[in-house]
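Please work through the exercises below with the sequence and the model at hand. Each task is followed by a solution in steps.

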Amino acid sequence: MDAQTLIPVLAIVAALAGLALAAGFFGLVRQSDPGSERMVDLMGAIQEGARAFLRREYTWIAVFVVVLAVIIFALLPWGRPWGAIAYILGAVTSGLAGFIGMAAATMANARTCEAAKTGPQLALPLAFRGGAVMGFSVAGLSLLGVAVSYLVFHVWLAVDDSLQVVTAFTLGASSIALFARIGGGIYTKAADVGADLSGKVEAGIPEDDPRNPATIADNVGDNVGDVAGMGADLFESYAGSIIAPISLAGFAFAAFGAFQESALLFPLAIAALGMLAAILGAFTVRAKPDISTKELARALTRGSKVAAGLTIVLAFVLGWWMFGDLDVVENWVGFPIAIVAGLLVGLGIGYLSEYFTSDAYKPTQDIAETSQTGTATNILAGVAIGKLSTAGAVLMIVAAIGVAYAAGAWAAPDVPVAGTYGIALTAIGMLATLGVVVSTDAYGPIADNAGGIAEMAGLDPSVREVTDSLDSLGNTMAAVAKGFAIGSAAVTALALFRSFEQAVVAEGGEIVMDVSEVDAFVGLFIGAMVPFLFAALTIQAVGRAADSMIVEVRRQFQEIPGLRAGDTAVRPDYARCVDISTKGALREMVLPGSLAVLVPLVIGFISLNALGGFLAGALVSGFALAIYMANAGGAWDNAKKYIEAGNFGGKGSETHKAAVVGDTVGDPFKDTSGPAMNILIKVMTIVSLIFATAFVDLGLGL
């Protein structure tokens, strides 16, 4: 078996190993005790609401997928039929990963709550295993889809423009991710904001109090937004990080036969070994009795650190094996250095996010302290901290790009674009251990749901204390995972942009990226504007849906006798609130989601230079905006939890109310607009690459 077949097959084996681990963790979670009848009922209500929303959401998204598949089939020669098939395959596998992860998370919430009666030493591993079902389903299905697409379309069938066909798989995954992130984000934050403002602030009742009609919708939202939506997001991030260097190698290294073959296969090989490293890392996540919050963080991140260390070692072994004997490669170690640069910067951005969002550090504590003087100062402090956090992230990405470019050029100095190939490798370096990274991210919503069930089931306050400590850590881990996703998006989009340039040249076109050219300059401004427009549309969508939720909660408190007073014989109409969030999310996700596809198509058919400027502007402003919103939102949330832990007056104080309002401002920042931004910049770049042929052949050429 030659390398062209061997490495994709090894990637498929590694992907199946990840899926087997996900299945094993699913079984362990299912065998755990779900608790009392009341807890099981609450778990069932959350499961029912989450499944209902995903069915309706996927039905809406399917219409978009079919329309875009028809466009690919009609406009692109390689789209008939292979490109359209690869696109649909990417969409289906992405949606499947989200559904599997959501099913596990909604099953793990009550079981984590029951385990919390004993303490965090049981609750932490159980919540992590529930999240690991999502993590390894996402990584496994994504790697499986990419490897199978490469093997079938490029190696076995050798179809025309085979790497364009493989890239269409990523566009399919991105289509699901974009709408799942937006729709799930609008749903969850409409319910969360509505529940917080109408419950904790207006009614003065605890979070997740069963009297609040929005509580079930809020807990459903944690799963459809922060689990299914996040899973689809990182599915396409992972697929894109593998395909970006493959696509670039296919276009840029055609004149270097043996080197091109190694460059095509190296990302798949790194992903396969990273998957195996992540599997080993997952088994190291354990907790001891009487564990502190700081030790909880160490326990949860241990898996990521172990996986990262193994990946670094394996990257050098693989680099020597695949590039060591090639004539055009003078310093094979350069390509593993690019991988390591991405991995270290991914960890660095993650730690930076942890510093700015964890209540163990000064920035979040300062936000909590400023809440003593009111809502305005809380919001000002959060905005400032979020914007301050972008400086370090930008400098880290710049460092990664510089090191990776220099390493790639040093490795193969006589190969044009070898430096850019090095940059592309940083993305797969960041996400090589995705399985365990997503596991720590998906763990958070499970812990949050466990706390909600503890409150609604009337369990002892000590149980809620355990789940709150897990939830606070989950917010930080989510910010860390978002840092990985956003960082990888920046370098992936850059690599895809260079592939787009190469594709245009291959078709006989030209892109002049000179800001003195009017069309490129105009495109630059439009590109810088689109992420702000996208953020505005999604935040407004959350606001409108939250308005409807607040009105409904107020109505039920006023019209249902005994509800607010706590009459145990009275139950709120939870289903009505679930329906409000569902309808609002599905209606509001269409316009911002469509922007990512329509705007680059329109600009591309008018002017390729303008499209080049547009993609550059969107990449830069979108990256900074995503970091700002993710970290500001995480800091606001944990500042609220820091106060709820007994600081600056504790729960129910005026300081707490100010922090709750700040948290509601941060909710759409960190869980709707911010995380969707990285998908936006990649989707626009992938669309441009996919339709490069049509732009050259059918465009106006202005």
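The exercises that follow concern helix packing, cysteines and a loop residue in a predicted model.

**Exercise 1.** Determine how helix 3 and helix 13 are oriented to each other, and which residues make the contact.

*Solution.* Two packed helices are described by the angle between their axes and the distance between the axes.
Step 1: helix 3 covers residues 82–116 and helix 13 covers residues 434–456; their axes come within 8 Å and cross at roughly 55°.
Step 2: angles under 35 degrees count as roughly parallel and those from 65 to 115 as roughly perpendicular, so helix 3 is oblique to helix 13.
Step 3: the crossing of this pair is right-handed.
Step 4: helix 3 contributes A105, A108, N109, A110, T112 and C113 to the contact, while helix 13 contributes I446, N449, A450, I453 and A454.
Step 5: sorted by character, the residues of this contact comprise 8 nonpolar, 3 polar and no charged.

**Exercise 2.** Carry out the analysis for helix 7 and helix 12, and classify the residues between them.

*Solution.* Step 1: the axes of helix 7 (residues 257–282) and helix 12 (residues 418–431) come within 10 Å, with a crossing angle of roughly 20°.
Step 2: an angle under 35 degrees counts as roughly parallel, and helix 7 is therefore roughly parallel to helix 12.
Step 3: helix 7 passes helix 12 with right-handed geometry.
Step 4: on helix 7 the contact residues are A263, F266, P267, I270 and A271; on helix 12 they are Y421, L425 and I428.
Step 5: the contact of helix 7 with helix 12 has 8 nonpolar residues, no polar and no charged ones.

**Exercise 3.** State how many disulfides the structure holds, and decide whether C113 and C577 are buried or exposed.

*Solution.* Step 1: a disulfide is a covalent bond between the sulfur atoms of two cysteines.
Step 2: the count of disulfides in the structure is 0.
Step 3: buried means under 20% relative accessible area. C113 has a relative accessible area of 0% and is therefore buried.
Step 4: C577 is likewise at 0% relative accessibility, so C577 counts as buried.
Step 5: C113 also belongs to the helix 3 side of the contact with helix 13.

**Exercise 4.** Locate S371, assess its burial and list its contacts beyond neighbours within four places in sequence.

*Solution.* Step 1: S371 lies in the loop between helix 10 (362–370) and helix 11 (375–411).
Step 2: its relative accessibility is 1%, so S371 counts as buried.
Step 3: with neighbours within four places in sequence set aside, S371 contacts N378, I643, T655, A658 and A659.

Conventions
Residues numbered from 1 in each chain as written. Predicted model: local features only at pLDDT ≥ 70, side-chain atom pairs only at ≥ 80, totals over all residues. Heavy atoms only, no water. Axes fitted to C-alpha atoms, helices over the stretch in contact; angles between N-to-C directions. Helix = DSSP H or I, 4+ residues; strand = E, 2+ residues; numbered from the N terminus. Parallel < 35°, antiparallel > 145°, perpendicular 65-115°, else oblique. Left-handed = near helix turned anticlockwise from the far one by under 90°. Contact = heavy atoms within 4.5 Å. Nonpolar A, V, L, I, M, F, W, Y, C, P; charged D, E, K, R; others polar. Disulfide = S-S within 2.5 Å. Buried < 20%, exposed > 50% of the residue type's maximum accessible area, 1.4 Å probe, protein only.
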